[in-house]
Amino acid sequence: MINRIKQFFIETGDLSYFAARFLREALKPPFEFKELLRQCYQMGNRSLFLVGITGFIIGLVLTLQSRPTLIQFGAVSWMPNMVGISIVREVGPVITALICAGRISSGIGAELGSMRVTEQIDAMEVSGTNPFKYLVVTRILATTLMLPLLVVFGDLLALFGSALLENLKGGVSFQLYFNTVFNALSFSDLVPATIKSFFFGFIIGLVGCYKGYYCKKGTAGVGVAANTAVVMASLLLFLVDFIAVIIADIFYEL
Amino acid sequence: MENQDQMRPLIEELDARKLVIEIRDLRKSFGDNHVLNGFNLTLEEGGNLVIMGKSGSGKSVMIKCIVGLIAPDSGSVKILGQEINNLDRKAMDELRLDIGFLFQGSALYDSMTVRENLEFPMRRHKKKLGVNKDTDPLVLEALENVGLAHTIDLMPSELSGGMKRRVALARTLILKPKVILYDEPTSGLDPITSKEIIELMHSIQQKYGTSSLIITHDVDCARVISDRMILLVDGINYAEGTYSELSKSTDPKVEAFFKK
């Protein structure tokens, strides 16, 4: 038990040091713009389908599940407000981040882990390239920049899914649905959600890179790196979400 | 006599200049596992030094200490006259331009083509190497040196083990290093491909006059390539000499390496 607690603090310290090193290296030239763009494409564009389809289904399900209760209370006209606010504030960012933790964080963990095991990271180092800058900084920046965009995309598809169901079941026009949603949303819904999406992206990239970069030797180590990256990133996402909601509550009195 | 005393520092300096690698009293431990226990080594310009030792004897740790991939606990590592323990990252990266490293498993970047693999080491040093935007001639020259110009657009996964090793050697050569470190260059290869790699290493040494430090288990490789050998046992220099001297040794630990 004591060993586990000790290990937890060691891991927390190492991860913090890794994050500090990222900030230091990210601000120092030379900058790897080409690799950053490639990573943005890999992580952003290639996650669109998954995030889109998940968002669409979440929108459908949320509307479908809420409908009977709202009808019971005669409040079905509040559906766009309720779904809009819950998706923009919470469901959209968290579900998108969890999907990305599964797809991107584990992918980074496995990729960097296998590069470590096959000495490709060492080969970069001896060729005079800073592997931390080339591999880690670009990936963390890419996830930090791409996740808010993916969240917006996922939110829009979730709202579209909800609007489609309301249109089919309640005869509500798309225009009326979206007008109601956008009237219900305020600045205090969008700003905290956007800011926390950046942090979600940072966590996904950071944990994936940390686990992969310090992967233990052997192919088993690569599997462990990919697996623990998803678990750790998912846990940290909820922790960051909780902190973000508390801070948003202080500033905006949600 | 007085003159000789005055000349001694100058003579020593001239001798030191000829050394491309000089390791003194290198020590490295991982927890309770003492891997290197005061290892010493000198490699002269144009020399071919082979280090032999059992698995786990510290050969790979030693070679990684030379290029700064592992920090030693104590001891001195001088490469081309520069003490690497005193170098910052920028200076170390510049020194690495003169050091080639062939990894045991080739370590080709598997998400890049052969061309991109060879271009990668040049990307930050084009000015210094006098290379303009078009790096193709250099890439082709390096690949031709290893007889694999036709693989330029292939991915590493499309190459055989021997081809990967040769492409890795081409990547090492592209920066025209003064010294090349080989970590088990023939391990995992069949005898015919091993022979081809050994011949290739020999021809590169002849063509470019590079100094080579080779870690190997392969006695044939040691016989063909080495002009001096060190046997590393329990983290120290157990025996030193030429191939013919060591192969005739009656010491059981030395004999064990040469038994077929």
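**A predicted two-chain model: A:Met82, cores and chain B**

User: How many C-beta neighbours does A:Met82 have, and how is this residue classed?

Analyst: A:Met82 counts as partly exposed because it has 18 C-beta neighbours inside 10 Å. A residue is buried with 20 or more other C-beta atoms within 10 Å of its own, exposed with 12 or fewer, and partly exposed in between, the C-beta atoms being placed from the backbone. This is a predicted model, in which local features need pLDDT of at least 70, side-chain atom pairs count only at pLDDT 80 or more, and totals for chains, interfaces and linings use all residues. Residues are numbered from 1 along each chain as its sequence is written, and chains are lettered from A in the order in which they are written.

User: How far is A:Met82 from A:Ile53?

Analyst: Their C-alpha atoms are separated by 21 Å, and the two residues are 29 apart along the chain.

User: What does A:Ala233 touch?

Analyst: Leaving out residues up to four places away in sequence, A:Ala233 touches A:Ala101, A:Ser105, A:Ile203, A:Ile204, A:Val207 and A:Gly208. Contact requires C-beta atoms, placed from the backbone, within 7 Å.

User: How many residues meet between chain A and chain B?

Analyst: 11 residues of chain A are in contact with 15 residues of chain B.

User: Turning to chain B, what are its spans and radius of gyration?

Analyst: The C-alpha trace of chain B spans about 60 × 45 × 40 Å along its principal axes. Its radius of gyration is 19 Å, which agrees with the value near 18 Å for a compact globule of 260 residues. That radius is taken over C-alpha atoms, and the globule rule is 2.2 Å times the number of residues to the power 0.38.

User: What percentage of chain B is buried?

Analyst: Buried residues make up 39% of the 260 residues in chain B.

How values were computed:
Two residues are in contact if their C-beta atoms, placed from the backbone, lie within 7 Å.
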